[in-house]
Amino acid sequence: MNTTIIITAAIFGALSVILGAFGAHAFKKFMNDEQLKNYETGIKYQMYHAIVLLIIGLNADFFKNAETINILFSLGIFLFSFSIYGLTITSALNKKWRFLGPITPIGGLLLVSGWISIIINFI
């Protein structure tokens, strides 16, 4: 068991519930359907990866590279999901932060790298 990874997973999980609630209630008032859909994509990916991190943290003895996976997923969540949040919120406010656009795929690559690290762990 790795408490650092478990805590990281719990923080990302809690944030996805909080940010999801904002999206479902407060943001619904000023976001269009496409913006809400994009925002929800960030929430889903954040929660999916938080759950995987929790599983890895609880079973860290089976992962030689648990810390690496934690870093890749954490950076990936931050860059992927949080750039989507920034893009959708600023777009809804007619002040789109376009510089966040290229950050999203970098976050996606880090998430994929985390999954590949899981594969490598068991090869």
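Let me start with asparagine 70, which, leaving out residues up to four places away in sequence, touches Ile5, Thr8 and Leu53. Please keep in mind throughout that what we are looking at is a predicted model. Asparagine 70 sits in helix H3, and with a relative accessible area of 7% it counts as buried, because buried means under 20%. Its C-alpha atom lies 10 Å from that of asparagine 2, although the two residues are 68 residues apart in sequence.

One of those partners, threonine 8, belongs to helix H1. Threonine 8 is also buried, at 18% relative accessibility, and, with neighbours up to four places away again set aside, it touches Leu53, Asn70 and Ser74.

That brings us to the way H1 and H3 lie against one another. In general, two packed helices are described by the angle between their axes and the distance between the axes. For H1 and H3, the axes come within 11 Å and cross at roughly 15°, and H1 is therefore roughly parallel to H3, since angles under 35 degrees count as such. The crossing of H1 with H3 is left-handed. On the H1 side the contact involves Ile5, Thr8, Phe12, Leu15 and Leu19, and these meet Ala66, Glu67, Asn70, Ser74, Ile77, Phe82 and Tyr85 of H3. Sorted by class, the residues of this contact are eight nonpolar, three polar and one charged.

How, then, do H2 and H3 pack, in angle and in distance between their axes? Their axes are 9 Å apart, and the angle is about 165°, which makes H2 roughly antiparallel to H3, because the angle is over 145 degrees. The crossing of H2 and H3 is left-handed, and their contact contains 17 nonpolar and ten polar residues, with no charged residues.

Let me turn now to the interior. The largest nonpolar core has 17 residues, and those with the most contacts inside it are Leu53, Ile56, Phe63, Ala66, Ile69, Phe73 and Ile118. At least two residues of this core come from each of helix H1 (3-24), helix H2 (33-58), H3 and helix H4 (103-122), and it is H3 that gives the most, with six residues. If we follow isoleucine 56 and leave aside its neighbours within four places in sequence, we find it in contact with Phe63, Ala66, Ile69 and Ile118. Another core, of eight residues, lies apart from the largest one, and among its members are Phe27, Met31, Ile43 and Tyr85.

Further along helix H3, which spans residues 66-92, we come to isoleucine 89. Is isoleucine 89 buried, partly exposed or exposed? Its relative accessible area is 24%, so it falls in the partly exposed class, between the limits of 20% and 50%. Beyond residues up to four places away in sequence, isoleucine 89 touches Phe27, Phe30, Met31 and Tyr39, and two of these names, Phe27 and Met31, we have just heard among the residues of the eight-residue core. The C-alpha atoms of isoleucine 89 and glycine 23 are separated by 9.7 Å, with their positions 66 residues apart along the chain.

I will finish with asparagine 94, in the loop between H3 and H4. With a relative accessible area of 71%, asparagine 94 is exposed, because that value is over 50%. Its phi is near 60°, a positive value in a residue other than glycine.

How values were computed: Residues numbered from 1 in each chain as written. Predicted model: local features only at pLDDT ≥ 70, side-chain atom pairs only at ≥ 80, totals over all residues. Heavy atoms only, no water. Helix = DSSP H or I, 4+ residues; strand = E, 2+ residues; numbered from the N terminus. Buried < 20%, exposed > 50% of the residue type's maximum accessible area, 1.4 Å probe, protein only. Contact = heavy atoms within 4.5 Å. Core = buried A, V, L, I, M, F, W, Y, C linked by side-chain atoms within 4.5 Å. Axes fitted to C-alpha atoms, helices over the stretch in contact; angles between N-to-C directions. Parallel < 35°, antiparallel > 145°, perpendicular 65-115°, else oblique. Left-handed = near helix turned anticlockwise from the far one by under 90°. Nonpolar A, V, L, I, M, F, W, Y, C, P; charged D, E, K, R; others polar.
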